[in-house]
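Please give a short report on the fold of this protein chain. It should suit someone who has not seen the structure before.

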Amino acid sequence: MKQLFNLIIFCFVLLSSSNAQITAQQKKEAVDSVVKLMNERYIFPETAKQIELFLRRQQVANVYESITDGNSFAAKLTNDVRSICNDKHVTVRYSPEVLPVSRGNMMQISEEERNGYAEFLRLENYGVTKLEVLKGNIGYIDFKFLCGTEYAGEFYAAMMNYVQHTDALIIDFRKCGGAMSDNVIPFLCSYFFADKTHLNDLYWRDGNFTQQTWTQVVVPGKKYLNKPVYILTSGRTFSGAEEMAYDLKNLKRATIMGEVTGGGANPGGSINVTSHFNMFLPIGRAINPITKTNWEAVGVQPDTLIQSRLALHKAHLLAMQQSMQTTTNAQWKDELKRLIAEHETQVPQLVKVTFRLKGYPTAKNIVVAGGFNDWSVSAAKMKKTGNEWIVETEAEPGKHLYKFVVDGEWILDPANKQRAWENGYENSVVVVK
């Protein structure tokens, strides 16, 4: 499912977070283009018509007239569209640099971009941030995104073969934003099934057809059969990562642990709607062959609901306990007992921390997102009290980066002068003791 295609925008187009002035004509062109594309290609045509009516009413009411910053307008337009369709995939972004004209299939990369895209994936280790064997012989893979087998097939095969000797596998999707290809999920899932297995269906509005996805009977190396698989989730888990969790949960091949996921099941791609605005446009929808529905707007419900910061500790504990029950090696059983006892004393400690933001009297939704909640835009919603917004959440002791998200627009904490840069973005800093 090419549902993280918006990452490509960041690779090939400068989508700056700096302020940039836009004209009334640029705003009008953006609205007109969004309306046109939604009507032509959005997966739900009736909803597209409702979006058009709402945006036109917003224009007549001069709602956008006072917005002069490009990023602010993009955030407002995104928020307005989502208020009708409730589709978190729909995203409008602004670029101060002139964007190229979109050509060909929005679900594919152009030939001139392919080499740069491949290099980006290599430098990002194909989305894998950690690969290791935890104590107790438990495999662990941490993803921040999944990419196509045409780029990472050999890498992912080597990864799966690296953990094939382990007694259980933990796949961490807590920070995973999705998949960049429709072939990666069936490829990875193929390691967990001996026979060809029906995973998912995708209905596409263009062409009015349904595409089935199945696992492969043969994979490079050995399959990971008859051993426990745990998938960790958070509110940040989104799109293709949700699909893999949803597929394996309904096939009873994995135990899902953590928080309810983001709720994005409509695949699509990015398209430049004007010379300065880009949009991620969903043009399909997932249909699970078992549930006959999907996780859109509701997310994937974990088998074990637990704070995402505690999910890895819990899954690791359960994996070792399961291993201890099944092993026939007496010495290894004694070692597992020791490791389990040690592990139970190492539960992550969470400390309450309060965030405050003054002003923004007309805002409808404000959250605080940071490293302490996997940058989730739903985990820490703030409540308006007097002239400020407040939320109490929890974080592990240490330094955390964060931002406020005001009606879809990410801002620094104006009351906090302590800042730090990460991955090209400036963030506010809080130290939790």
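The report covers the domains, one helix pair, two sheets and the helices that lie on one of them.

## Model and domains

The structure is a predicted model. The domain assignment divides the chain into domain 1 (24-94), domain 2 (125-264 + 299-345) and domain 3 (351-432). Between the C-alpha centres of domain 1 and domain 3 the distance is 26 Å.

## Helix 2 and helix 3

Helix 2 covers residues 24-41 and helix 3 covers residues 45-60. Their axes are 9 Å apart and make an angle of about 165 degrees. Angles over 145 degrees count as roughly antiparallel, and helix 2 and helix 3 are therefore roughly antiparallel to each other. The crossing of helix 2 with helix 3 is left-handed.

On the side of helix 2, the contact is made by Lys28, Val31, Asp32, Val34, Val35, Met38 and Asn39. Helix 3 contributes Ala48, Lys49, Ile51, Glu52, Leu55, Arg56 and Gln59. By type, the residues of this contact comprise 7 nonpolar, 2 polar and 5 charged.

## The sheet of 3 strands

Strands of a sheet pair through backbone hydrogen bonds, either parallel or antiparallel. One open sheet has 3 strands in the order 6-5-11, and the pairing is antiparallel. Strand 6 (209-214) and strand 11 (284-287) are at the edges; each has a single partner strand, so one side of each is left without a neighbour in the sheet. From one strand to the next, the twist averages 25 degrees.

Strand 5 (residues 198-204) runs antiparallel to strand 11, and 4 bridges join the two. Leu202 has Ala286 in strand 11 as its bridge partner.

## The sheet of 6 strands

Another open sheet is formed by 6 strands in the order 2-3-4-7-8-12, with mixed pairing. Its edge strands, strand 2 (128-134) and strand 12 (304-305), each pair on one side only. Strand 3 (residues 138-143) pairs with strand 4 (residues 168-172) in the parallel sense, over 5 bridges. Opposite Ile141 stands Ile171 in strand 4.

## Helices lying across this sheet

Helix 6 (residues 149-162) lies across strand 2, strand 3 and strand 4. The angle between helix 6 and strand 2 is about 20 degrees.

Helix 9 (residues 308-326) lies across strand 2, strand 3, strand 4, strand 7 (229-233) and strand 8 (255-258). Helix 9 runs at about 170 degrees to strand 7.

How values were computed. Residues are numbered from 1 along each chain as its sequence is written. This is a predicted model: local features need pLDDT of at least 70, side-chain atom pairs count only at pLDDT 80 or more; totals for chains, interfaces and linings use all residues. Side-chain values use heavy atoms; hydrogens and water are left out. Axes are lines fitted to C-alpha atoms, for helices over the stretch in contact, and angles run from 0 to 180 degrees between N-to-C directions. Helices (H or I, at least four residues) and strands (E, at least two) are DSSP runs, numbered from the N terminus. Angles under 35 degrees count as roughly parallel, over 145 as roughly antiparallel, 65 to 115 as roughly perpendicular and the rest as oblique. A crossing is left-handed if the near helix is turned anticlockwise from the far one by less than a right angle, and right-handed if clockwise. Contact means heavy atoms within 4.5 Å. Ala, Val, Leu, Ile, Met, Phe, Trp, Tyr, Cys and Pro count as nonpolar, Asp, Glu, Lys and Arg as charged, and the others, Gly among them, as polar. Domain bounds come from an automatic or database domain assignment. Two strands pair if DSSP finds at least two bridges between them.
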